[in-house]
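Dear colleague,

Please find below the structure that I am handing over to you, together with its sequence. My notes on what was found in it follow directly after.

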Amino acid sequence: SIPEGTTERALVEEFGKYGSTSDILLRSDATEPGRMWAFVSFSDPSAAEAAIAALGGGQFTFPGAQQPISVSYAARSPADATPSPATAVLPPPPPPAPVVPATVELLPAPP
């Protein structure tokens with residue numbers, strides 16, 4: 001999980017290891033006080049792939065967190081193609097031309 005008090009800067013520092021981040025959406029979890037979730041967008045889809053490969057198996061735990069994070073491609077709503085906090089892991093999208101940002105979601109890993 002992402003513990004309360006985590007900042008966007010902390011996410012940039014951690015996920016910037018895999019490539020340039022272009023946007024971060026960090027929110028408190030309304031269902032569980034003290035926990036947060038996030039979407040991290042990368043400038044290059046290969047950076048998102050690298051982050052998922054490195055962290056997708058719940059291999060990273062934020063300082064102060066109770067459990068590791070789950071990193072996967074963000075699901076998109078069919079109606080408007082905006083990110084939604086779904087837990088399903090989607091296959092990587094085909095490489096676009098030109099390059100468009102890729103977004104990953106950070107949710108608590110399943111128990």
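In the protein chain, residues 24 or more positions apart account for 58% of the contacts with a separation of 6 or more. Please bear in mind that this is a predicted model. Of the 111 residues of the chain, 38% count as buried. The chain exposes about 6200 Å², and carbon and sulfur atoms supply 58% of that area.

The secondary structure comes to two helices and seven strands. Read along the sequence, these follow the pattern β-α-β-β-α-β-β-β-β.

Strand pairing around E3

Strands E2 (21-28) and E3 (35-42) pair in the antiparallel sense over seven bridges. Within this pairing, Leu25 stands opposite Phe39 of E3, and Asp23 has Ser41 of E3 as its bridge partner. The hairpin of E2 and E3 has six residues between the strands, and Gly34 takes a positive phi near 90 degrees there. E3 is also joined to strand E1 (residues 2-3) by two bridges, and these strands likewise run antiparallel. Here the bridge partner of Ile2 is Met36 in E3.

How much of E3 is covered? Eight of its eight residues are buried. In a regular strand the side chains alternate between the two faces of the sheet. In E3, Arg35, Trp37, Phe39 and Ser41 point one way, while Met36, Ala38, Val40 and Phe42 point the other way, and all are buried.

The nonpolar core

In soluble globular proteins, nonpolar side chains tend to be buried together. The largest nonpolar core in this model has 20 residues, of which Ile2, Leu11, Phe15, Leu26, Phe42, Phe62 and Ile69 touch the most other members. Helix H1, strands E2 and E3, helix H2 (45-55) and strand E4 (69-73) each supply at least two residues of this core. H2 gives the most, with five residues.

Phe62 deserves a separate entry. Leaving aside its neighbours within four places in sequence, Phe62 is in contact with Ser1, Ile2, Pro3, Thr6, Leu11, Phe15 and Ile69. Among these partners, Ile2, Leu11, Phe15 and Ile69 are also listed with Phe62 as residues that touch the most other members of the core.

Helix H1

Which residues of H1 are buried? They are Leu11, Glu14 and Phe15. These three cover an arc of only 85 degrees around the axis, which means that they lie on the same side of H1. Arg9 also has its place in helix H1, but Arg9 is exposed, with a relative accessible area of 59%. Arg9 and Ile24 are 15 residues apart in sequence, and their C-alpha atoms are 9.2 Å apart in space.

Salt bridges

How many salt bridges does a search of the whole structure find? The search finds three.

- Arg9 with Glu13: the closest N and O atoms are 3.6 Å apart. Both residues lie in helix H1 (residues 8-15), four residues apart, about one turn of the helix.
- Glu14 with Lys17: the side chains meet at 3.0 Å, N to O. Glu14 counts as buried at 11% relative accessibility, whereas Lys17 is exposed, with a relative accessible area of 57%.
- Arg35 with Asp29: the closest N and O atoms are 2.8 Å apart. Arg35 is buried, and so is Asp29.

Why does Glu14 count as buried while Lys17 counts as exposed? Buried means under 20% relative accessible area and exposed means over 50%. Glu14 has 11% relative accessibility, so it falls under the first cut-off. Lys17 has a relative accessible area of 57%, so it falls over the second. By the second cut-off Arg9, at 59%, is therefore exposed as well.

Two residues come up under more than one heading. Glu14 is one of the buried residues of H1 and forms a salt bridge with Lys17. Arg35 is one of the residues of E3 that point the way of Trp37, Phe39 and Ser41, and Arg35 forms a salt bridge with Asp29.

With kind regards

Methods. Residues numbered from 1 in each chain as written. Predicted model: local features only at pLDDT ≥ 70, side-chain atom pairs only at ≥ 80, totals over all residues. Heavy atoms only, no water. Salt bridge = Lys/Arg side-chain N within 4 Å of Asp/Glu carboxyl O. Buried < 20%, exposed > 50% of the residue type's maximum accessible area, 1.4 Å probe, protein only. Core = buried A, V, L, I, M, F, W, Y, C linked by side-chain atoms within 4.5 Å. Contact = heavy atoms within 4.5 Å. Areas by Shrake-Rupley, 256 points an atom, 1.4 Å probe, with all protein chains shown as cover. Arc of directions from axis to C-beta. Pairing = 2+ DSSP bridges.
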